[in-house]
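Reader: I am new to this structure and should be grateful for a guided reading of it. May I put my questions in turn?

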Amino acid sequence: MPTSDVTTLLARWSSGDADALEQLTPIVYDELRRIARRHLARERRDHTLQSTALVHEAYMRLMGGAGSEYHNRQHFFAVAAQVIRRVLVDHARAVNAAKRGGGAQKIFLEDQPEASTQAENVAEVLALHEALDRLAAFDTQQARIVELRYFAGLSIEETAEVVGISPATVKRVWVMARAWLARELKGVSSG
Amino acid sequence: MTAERWAQVKDVFQQALLLEPGKREACLAMHCNGDSDLLAEVRSLLESASEDAEILDTPSHLPSLGPIVHRVKEEWSKGDVLIGRVIGPYRIQSLIGEGGMGSVYLGVREDAEFRMQVAIKVLNRATSGYDIVERFRLERQILARLNHPFIARIFDGGITEDGLLYFVMEYIQGIPLDEYLRRTHPSLVERLQLFRELCSAVSFAHQNLVVHSDIKMGNILIMEDGMPKLLDFGISRVLDAEGKDRGFSDDGQVTALTPAYASPEQLRGEQLNTASDIYSLGVLLYEMVCDRRPYEPDPGNPLAILAKIAAGNPPRPSEISTLPGVHQDLDAVILKAIQPRPENRFITANHLSQDVSRYLNHQPVSACPDTALYHTRKFLRRNRVAVMVGGLAVASLVGGVVASTLLANRAEYERQRAEARFEDVRQLASSMIFELDADLAKLPGATGVRGKLVERALEYLDRLSHESGGDSGLQRELAAAYEKLGDVQGRPNVANIGNTALALECYRKALSIREALSDPKKPELSNKADIAQTYSRLSSLHKLMGDYQMGLQYDRDALRMYQEMLALDPNSLEHRRKVASSYTGLGGGLSQIGDWDGALESRRQALRMFEEIVAAGSEDPEDKRGLCLAHRRLGGILLMLKDAKQAENHYRKALSLSQEMIRENATDARNLNDVAAGAIALGGLLHENGQYLEAMERYRQAIQIHEDLAAADPLDARNRSILASTVYRLARAMIAAGDPVHALPLVRRTLDMREALASENPMNAGAQGEVGESHMLIGDCLGAMRDRAQALASYRRAMAIFRQLQIEGKENAVLEIHRRETLEKIRRLERS
């Protein structure tokens, strides 16, 4: 996909064209997937990769030279964060379903020494996703900041740049959103 | 919660957050203004926030995404995504199989003319890109030569746009060996015959300098007609560029290898060689015979297998196999192949195969580890077959005189007692190696015979070494035999058949035996001398392979060793001679890395010492040869340092010494060589002086000598290499003399000769560089003929080779000068 097409789609999306997002999502998704494959191949048992590396690399690859433009960067990261969130949630749902069906259990036991943390983690990710939806219902901006910080792994400064507010504000919002989510999720992790 | 309500909560929360925790209550009371719900909500959030307010970036109450991201990435990496995509000229059709290292797809090449099915192996790990592609490009020529009925061909390879490494291979319809054995239950004889076919494939690859390093059941397919195909040959070689991934990763996890098949040295991450493949073949044979591997992993303790592999004491096949016909002799063969120490295994896959064949024919096997008594009993019973056939085969090569000696020996055998036979065979082998070989070395044309002779004798010694126990005398002989075999295979600067890989292996074996024999408490002069000699051999071999630093290191080691010996016995002429020769060698090493001053000093030292030796009245022609070489080499350095007058002095002395020698002994090929070398050196000097016609005359003399030698011994790679270089010099002088038109066919001839030499021995970095040098001179020639475009093309070809050697770290001082000059010439032509 040529850079210019991605740029055009981002521009259309930012001016309110919902279809553009539908077209952008698979492009970003494919790119993330490609990068992930490479990372996985390279790092072996390393769990430290975070989505940050994925997103930044996808950005460099998809946007290339056009990436230096401020608004492109903004929109791209917003889309990437959404895509990553969607991928992780889909995955968590699939694992959950397989677990209920019993099919995936065996694989976990054989492959994954940390099978129990894995299962717990899946439940947590789903709970977080739902809580984030509830938060978005009354504070879209805060939910978006969480998405950028948490799913795309952006720093305070990067988040500030994407959302277009000061880093200090992001920091305050982040503290609050985190406090709220932590309270919402307490039930999940302790019970 | 509504947005309005949330805005209120947010407002109060953020106001309170700015304050010290102790001062917040008052602020809350003021802002909530009696709204107790609001107050409770903000309090609860502040409480939640205080629990991890310290660390902004790792929210402890939120789940870590690490594990799930990792899982997703794993999902993503599964193969299906490639189906339908195009890699190179191939479209991926379906997934054939998946393994630890990657996935194999069926690909189809659809050109206008033909449709071809291939197997495409995509490794599921990324590479450092450029390096590995470059490496593959280098290997491709070698892999293309692996044209053997039992080896699956590799056609191509590269990197997908996702950065994944892939190989395009011959598509084989067959089933893996283990499955084949389960399905068809072949007899022992059929299994052993199948195994011998695999040995022939491995042996063929080894002769082409390719090590497999991952031989296992799963890498062998059996086709419908029962023929085996060994897969993935040469892939490990390409991957070795990233050597870390072999064996164990940093966290101790087994990665690429299948540990059950991997040799102890492979598991230790050492350099792979043919001995590791022999080991894997042994494991394979064990499994084909016993239906299990020698060492099975312990599920409770995955690392325990490593200790078992290192100990090397598996159950004997004859005790566990359910096949009829498995006896102790087969145990001996299999267990010899999987000895933990490489030097105790079969030397080649052919030797292993031959032993299996002996077992099939109910002959005694060479691997039999039993006592000398047992073995000699076998000799008694079968000596015509087991001992003499080999000896006679060699005898027929060497000629009548030797044959009658052997026949006399044979008559002798039959009269003697069993124990004495052992001694005789040993002596025969030694004499074949040392006496006959020394005589043959002086005959032009004997290189091929010498190779066979020494190899065969080595077989005997190797076989006997099993019965030697702690016999250090035999160990010494064995080391000497390895060294001799190394010499014939590829010792630089003497007649050899250009198999550098085998030579290196032989020298290493010799060195390790000799080092094991040395006792630091009892410095033994003869062993020191042997070790020093092996150092010198290794030095010249490493220099040939382009590893000049390593070569220099061995030069220094050898010099140190000889100096120690001279210190122990200061009156020894022999030690003095060795120290002197070592200075000559060190000078060569230093000049190759461009340390001209060091080289000059070291060569002056060599000359001084040889002059002393000859002045002291030495009659040994070797000393005269040493002095001659010392003069010539010193002259070379002086010429390099632009001291033409001094250089000429030394060159003339060298030439007159060699002419003296040839008057004394005209049949010694080495004397002819020295005369030619002297002529070439003088030619170089005359060229520098601008006396091109005189230089050409000298070169023609040398070419005549080397052409005679080449006609007498077409296998001698060194002679052909000198011949090519001399023709090259002649052509260069012609161009300088203003006759590029007649020079051009000569340079083209050098290019052909050098390309042949380089492809015969891909490890010879110098030969690759010389191909570049010829391209460069063709460029000069065409440039002088005003053919700018073609000249530029030739320079670019030269440049590609020089660059490659530079990238591989195989560039020496001369090649560096060539590279810079070529670059300069390209730039000049591009500007014009």
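**Helix 31 and what follows**

Reader: How far apart are the end C-alpha atoms of helix 31 (residues 765–784) of chain B?

Author: At 1.5 Å a residue, the 20 residues of this helix should span 28 Å, the expected span being 1.5 Å times one less than the number of residues. Helices (H or I, at least four residues) and strands (E, at least two) are DSSP runs, numbered from the N terminus. The expected span agrees with the distance between the end C-alpha atoms of helix 31 of chain B, which is 29 Å.

Reader: Before we continue, what kind of model is this, and how is it labelled?

Author: Residues are numbered from 1 along each chain as its sequence is written, while chains are lettered from A and ligands numbered from 1 in the order in which they are written. Local features need pLDDT of at least 70, side-chain atom pairs count only at pLDDT 80 or more, and totals for chains, interfaces and linings use all residues, since this is a predicted model.

Reader: How many of the 20 residues of helix 31 of chain B are buried?

Author: A residue is buried if 20 or more other C-beta atoms, placed from the backbone, lie within 10 Å of its own, exposed if 12 or fewer, and partly exposed in between. Helix 31 of chain B is largely enclosed by the rest of the structure, because the number of its 20 residues that are buried is 19.

Reader: Is B:Arg786 buried or exposed?

Author: B:Arg786 follows helix 31 of chain B and is found in the loop between helix 31 and helix 32 (788–807) of chain B. Its phi is near 65 degrees, a positive value in a residue other than glycine. Most residues other than glycine have a negative phi. With 8 other C-beta atoms within 10 Å, B:Arg786 is exposed.

Reader: Where is B:Asn33, whose phi is also positive?

Author: Phi of B:Asn33 is near 55 degrees, and this residue is not a glycine. B:Asn33 has 10 C-beta neighbours inside 10 Å, so it counts as exposed. Its place is in the loop between helix 2 (24–32) and helix 3 (36–51) of chain B.

**Helices 13 and 14 of chain B**

Reader: Are helix 13 and helix 14 of chain B roughly parallel or antiparallel?

Author: Helix 13 (residues 328–337) and helix 14 (residues 349–360) of chain B pack with their axes 10 Å apart, at an angle of about 170 degrees. Axes are lines fitted to C-alpha atoms, for helices over the stretch in contact, and angles run from 0 to 180 degrees between N-to-C directions. Angles under 35 degrees count as roughly parallel, over 145 as roughly antiparallel, 65 to 115 as roughly perpendicular and the rest as oblique. The angle therefore makes helix 13 of chain B, relative to helix 14 of chain B, roughly antiparallel.

Reader: Which residues of helix 14 of chain B make the contact with helix 13 of chain B?

Author: Two residues are in contact if their C-beta atoms, placed from the backbone, lie within 7 Å. Helix 13 of chain B contributes B:Asp329, B:Leu330, B:Val333 and B:Ala337, and helix 14 of chain B contributes B:Leu352, B:Asp355, B:Val356 and B:Tyr359.

Reader: Which residues of helix 14 of chain B are buried?

Author: The end C-alpha atoms of this twelve-residue helix are 17 Å apart, which agrees with the 16 Å expected at 1.5 Å a residue. B:His362, with a positive phi near 60 degrees, follows helix 14 of chain B. The buried residues of the helix are B:Ala349, B:His351, B:Leu352, B:Ser353, B:Asp355, B:Val356 and B:Tyr359.

**Cores and chains**

Reader: Which residues have the most contacts inside the largest nonpolar core?

Author: A nonpolar core is a set of buried Ala, Val, Leu, Ile, Met, Phe, Trp, Tyr and Cys residues joined through C-beta atoms within 7 Å. The largest has 108 residues, and those with the most contacts inside it are B:Leu730, B:Ala731 and B:Val747.

Reader: Which residues is B:Ala731 in contact with, leaving aside its neighbours within four places in sequence?

Author: Apart from the largest core lies another, of 74 residues, with B:Leu330 among them. As for B:Ala731, beyond its neighbours within four places, the residues in contact with it are B:Ala743, B:Leu746, B:Val747, B:Thr750 and B:Leu777.

Reader: What percentage of the residues in chain B are buried?

Author: Chain B has 33 helices and nine strands. Of its 832 residues, the buried ones make up 46%.

Reader: What percentage of the residues in chain A are buried?

Author: Chain A has nine helices and zero strands. Of the 191 residues in chain A, the buried ones make up 38%.
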